[in-house]
Amino acid sequence: MELKSVCVYCGSSAGERPEYLDETRRFGRLLAERGIRLVYGGASVGLMGAVADAALAAGGEVIGVIPHALVAKEIAHPGLTERMVTASMHERKARMAELSDGFVALPGGIGTFEELFEAWTWAQLGIHHKPCALLNVAGYYDRLVAFLEHAAGEGFMRRLHRSMLLVAQQPEELLEAFAAYRPPEVETWVRADET
């Protein structure tokens, strides 16, 4: 699939390891170098600010989407290609989804998890057919991936749906997986014998 825009979810803090910032910046640069527009949450702090700054410094296009209530709290980035201010978080997420050809979670917290899981749920339900992925910087998502395998093993997630969430260790690997992604053909997400 052709990637024109990628939505990045990540922390408004930088985390404890230098690798988080380093790989976030590398991902932002890589997007710009490949002519892929970055869509993200619009903040100037933490990993959010780092990915935007790196993409901008490399000549990339960056669109920030931020709810009015968070403009001051997340310290809205002043130097973006375009900043969209929404009335609510729901509107923010919907707008980011509209603008993007795929979704990536870098290290982050509750907001990052929630945003990625919603995008992945929409893919499972067939609301969109865009790839979703974890960029597993420094093993940050190892335990989450293990838990998802557990959920599938316990029968609460079909293996097909688990496989829809891509996991990559390196930014280049992630973009290659996105380019090769083909959404599975699923008529229903729960079989009659599973209810």
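**Exercise 1.** In this predicted model, determine how the residues of the lining of the largest cavity divide into nonpolar, polar and charged.

*Solution.* Begin with the list of lining residues, which consists of Tyr-9, Lys-93, Ala-97, Phe-103, Glu-115, Glu-118, Ala-119 and Trp-122. Sorting these by residue class, where Tyr, Ala, Phe and Trp count as nonpolar and Lys and Glu as charged, gives five nonpolar, no polar and three charged residues. The cavity that they line has a volume of about 30 Å³, and the structure holds one cavity of 30 Å³ or more.

**Exercise 2.** Establish which helices each supply at least two residues of this lining, and which of the elements gives the most.

*Solution.* The helices that each supply at least two lining residues are α3, spanning 89-99, and α4, spanning 110-124. Of the elements, α4 gives the most to the lining, with four residues.

**Exercise 3.** Describe how α3 and α4 pack, classify their relative orientation, and identify the residues that make the contact.

*Solution.* Two packed helices are described by the angle between their axes and the distance between the axes. For α3 and α4 the angle is about 55°, and the axes lie 11 Å apart. Angles from 65 to 115 degrees would count as roughly perpendicular and those under 35 as roughly parallel, and α3 and α4 are therefore oblique to each other. Their crossing is right-handed. On the α3 side the contact is made by Arg-92, Lys-93 and Ala-97, and on the α4 side by Glu-114, Glu-115, Glu-118 and Trp-122. By class, these contact residues divide into two nonpolar, no polar and five charged.

Definitions and conventions. Residues numbered from 1 in each chain as written. Predicted model: local features only at pLDDT ≥ 70, side-chain atom pairs only at ≥ 80, totals over all residues. Heavy atoms only, no water. 1 Å grid on protein atoms, 1.4 Å probe; cavity = no way out; pocket = protein on both sides within 12 Å on 5 of 7 lines; lining within 4 Å. Points joined across faces, edges and corners; volume = space filled by probe spheres on them. Axes fitted to C-alpha atoms, helices over the stretch in contact; angles between N-to-C directions. Parallel < 35°, antiparallel > 145°, perpendicular 65-115°, else oblique. Left-handed = near helix turned anticlockwise from the far one by under 90°. Contact = heavy atoms within 4.5 Å.
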